[in-house]
Amino acid sequence: MLDSDVAPLLNLAPLDRAASPARFYALAGRLGPWLARGALVLTLVALAVDLMILPAGRPGGADRIVFIHVPAAWMSLLIYVLMAGCAALALANIRLPALLMVALAPTGVMFTIVALCTGMAWGRPNWGAWWTWDARITCELILFFVYIGFLALRAMIDDRRRADRFSAVLVVVGMLNIPIIYYSLSWWNATPHLGVAASLIGPAKMASTMLGGTLLMTFAFWLYANAVVLARSRVLVLESRGGPGGVALEGAG
Amino acid sequence: MNWRDLFSMEGHGAYVWGSVGMCVALMIAEVIWLRQRIRNAERRL
């Protein structure tokens with residue numbers, strides 16, 4: 001994808017050699033088990049704290065779903081942003097980001113499904129409806145379709161290098177959706193999400209107990225995502241060497 | 001700890017525990033699927 005006039009200005013071959021999939025394979029193998037153990041312990045602790053220990057009444061009943069819904073939604077956005085960063089580097093013919101871009105996607109899909117379904121489970125008792133065409137909910141659904149489109153596009157293209165490039169372009173273009181999701185509460189006032197969302201900038205609208213419980217679960221999900229993505233990256237390296245799947249492992253130079 | 005209150009969640013137990021169960025089930029399914037892929041990839045090599 002690099003123009004022959006531009007390539008000498010952006011000599012990324014040394015970066016590509018330093019961040020080789022082979023070197024990453026070994027590192028992922030060492031880190032993965034520790035992240036998995038940490039994720040398991042922290043997820044159990046977070047569930048215990050959020051569902052049993054935090055005082056009843058506030059958050060009451062169905063509000064406890066927020067402890068899963070909000071972290072899952074945050075993870076679905078964070079993973080997509082990481083994919084987009086990797087996609088931009090993959091378009092510069094660096095192999096490791098292409099690998100990570102593909103490894104991140106299924107986990108992003110999983111968290112998006114959790115966010116959508118738990119949102120519905122929270123909406124039914126609180127808003128009286130399983131679904132509304134609220135701006136934030138609709139954009140999260142679009143994010144789900146973009147994730148699925150990414151996986152479908154890769155499945156349709158046999159050539160790994162072309163699959164990497166076309167899917168990377170899709171991810172970069174799909175980044176348009178992320179600020180729309182984030183700013184949807186400001187741009188569209190008539191949304192049921194107003195008043196219950198936590199904001200990264202400005203005063204949190206959640207009670208401090210809810211925010212603490214939410215952050216605990218978010219960190220548990222983060223550890224889980226790291227463990228799973230590292231394991232999937234190793235699988236992609238193996239598949240790229242010995243089968244039809246995976247990514248293009250040929251270097252930039 | 002009042003187990004009845006914990007499971008009823010003020011009458012919304014089905015929504016809360018259904019959400020928890022779905023999330024845990026999806027995470028476990030992803031791990032199982034990944035382990036299967038690892039075994040298949042190692043067998044091919």
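Confidence varies along chain A of this predicted model: among its elements, helix α3 (residues 66–90) has the highest mean pLDDT, at 95, and helix α1 (residues 13–18) the lowest, at 62. Taken as a whole, chain A averages a pLDDT of 82, with 77% of its residues at 70 or more. The start of the chain is another story: pLDDT stays under 50 over residues 1–9 of chain A, and the model has just seven contacts beyond four places in sequence for that stretch. Where pLDDT is low, the predicted coordinates should not be read in detail.

Next, the cysteines. A search of the whole structure turns up zero disulfides. A:C117 is in no disulfide, with the nearest cysteine sulfur, that of B:C23, sitting 10 Å away; that is too far for a bond. A:C117 counts as partly exposed because its relative accessibility is 32%, whereas B:C23, at 4%, counts as buried.

Aromatic rings offer rather more to look at, with nine aromatic pairs over all chains. A:W122 and A:W127 make an edge-to-face pair, because their planes stand at 90 degrees, with the ring centres 5.2 Å apart. A:W122 is buried at 12% relative accessibility, while A:W127 is partly exposed at 27%. A:F144 and A:F145 pair up in a tilted way, 5.7 Å centre to centre and with 55 degrees between the planes. Here A:F144 is buried, at 18% relative accessible area, but A:F145 is exposed, at 52%. A:F111, A:F221 and A:Y224 gather into one aromatic cluster.

Arginines also meet rings. The charged end of A:R234 sits over the ring of A:Y25, 4.1 Å from its centre, and in chain B, B:R37 lies over the face of B:W33, at 5.6 Å from the ring centre.

Technical notes:
Residues are numbered from 1 along each chain as its sequence is written. Chains are lettered from A and ligands numbered from 1 in the order in which they are written. This is a predicted model: local features need pLDDT of at least 70, side-chain atom pairs count only at pLDDT 80 or more; totals for chains, interfaces and linings use all residues. Side-chain values use heavy atoms; hydrogens and water are left out. pLDDT is the predictor's confidence in each residue, from 0 to 100. Helices (H or I, at least four residues) and strands (E, at least two) are DSSP runs, numbered from the N terminus. Contact means heavy atoms within 4.5 Å. A disulfide is a pair of cysteine sulfur atoms within 2.5 Å. Buried means under 20% relative accessible area, exposed over 50%, partly exposed in between (1.4 Å probe, protein chains only). Rings of Phe, Tyr and Trp (its six-membered ring) pair if their centres lie within 6.5 Å; planes under 30 degrees apart count as stacked, over 60 as edge-to-face and the rest as tilted. A charge sits over a ring if NZ of Lys or CZ of Arg is within 6 Å of the ring centre and within 35 degrees of the ring normal.
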